[in-house]
Amino acid sequence: MCEASAPAGTPLSGPALSAPRVQGGFTFLEGPVWIDQPGHLLVSDLGPAGGVQQVQPSTIHRLTPGAPAQTFVAASGSNGLALSPDGERVVAATHDNRGVSVFRLSDAGRTVVAATFQGRAFNSPNDVTVRADGVVYFTDPSFQRGRRGDEMRGRTGVFRVVNGQVALVDDTVRQPNGIALSPDGRTLYVGAYGENVIYAYAVRPDGSTRARTVFAPIGSPDGVTVDCAGNVYWVSHNEGRVHVFTPAGAELGTITAGPQATNAAFGGPDRRTLYITAGRTGDYGIAAIELGVPGYPY
């Protein structure tokens, strides 16, 4: 998805930028992902928790620039979204079934790719990323578990799925949230919301990971995306800003997006538009800014 000769240097025109809001009026947006043809965003819109188990419903919307929102999946139960390597499906962290699901773009048909780990239900999968060969990585905090039983025995963690088999990456991360891979697929980034830090894991060819290192400190790390030069764009939920880091973890600057920012994705015809979900519950929206380096759609 990135040219071999991706632009080098900083993608930012200054150390402190601001992304204007371009669309609003949603409840609580998460998980933006860009679909190149015909050119729109998919986003998860989470409603208030309800029912005996206090689980949040969720809808996946299609957002086409300059047009009203359309419903793609009315009852998706989703949070974070990622595009499959073949570009034909969306992989979703789905808290309604406490798993990871796949929705076909052609007809919204749903299948489950991760339901349990060693016979135990996950907490509430939150965010997801997919390697070029189809290996899926996802975070499992307890944010949307509601009143359902704690089958992970008090632990929150990071998992991977290879050929339908679920394996543990790390179950010592406190409330892992955003997750992303470097462009070459050799580094896995995980934001520990409960620790205010970003971890990095070296990834082996088979998808397994080595011991983690600290990539960078950040307050309330939420969603994340990367550009084709390997720069990392991490959303700070409480700050309402995106922190931009080099692949070495040095901070290049910030992009203000509005209160309670949740996630970000690259899109647009040349994939140089950074879309950021932010707002207040009951009035979430999309902010957008043009940057100097193209990026991944999620």
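How much space lies in the second largest pocket? In this predicted model, the second largest pocket holds about 250 Å³ of space.

**View 1. The lining of the second largest pocket.** The lining of this pocket is made up of 15 residues. Those that lie nearest the centre of the pocket are Gly134, Val135, Val136, Val161 and Asn163. Strand 8 (89–94) supplies at least two residues of the lining, and so does strand 15 (157–162). By residue class, nine residues of the lining are nonpolar, four are polar and two are charged.

**View 2. An open sheet of four strands.** The strands of this sheet follow the order 17-18-19-20, and their pairing is antiparallel. Strand 17 (176–181) and strand 20 (209–217) form the edges, and each of them pairs on one side only. From one strand to the next, the twist averages 25°.

**View 3. The pairing of strand 17 with strand 18.** Strand 18 covers residues 187–192 and runs antiparallel to strand 17. The two strands are joined by four bridges. Ile179 has Val190, in strand 18, as its bridge partner.

**View 4. Gly149 and its surroundings.** Gly149 is found in the loop between strand 14 (136–140) and strand 15. The relative accessible area of Gly149 is 43%, and Gly149 is therefore partly exposed, since this class covers the values between the limit for buried, under 20%, and the limit for exposed, over 50%. Phe122 is 27 residues apart from Gly149 along the chain, and the C-alpha atoms of these two residues are separated by 9.7 Å.

Methods
Residues numbered from 1 in each chain as written. Predicted model: local features only at pLDDT ≥ 70, side-chain atom pairs only at ≥ 80, totals over all residues. Heavy atoms only, no water. Pairing = 2+ DSSP bridges. Axes fitted to C-alpha atoms, helices over the stretch in contact; angles between N-to-C directions. 1 Å grid on protein atoms, 1.4 Å probe; cavity = no way out; pocket = protein on both sides within 12 Å on 5 of 7 lines; lining within 4 Å. Points joined across faces, edges and corners; volume = space filled by probe spheres on them. Nonpolar A, V, L, I, M, F, W, Y, C, P; charged D, E, K, R; others polar. Buried < 20%, exposed > 50% of the residue type's maximum accessible area, 1.4 Å probe, protein only.
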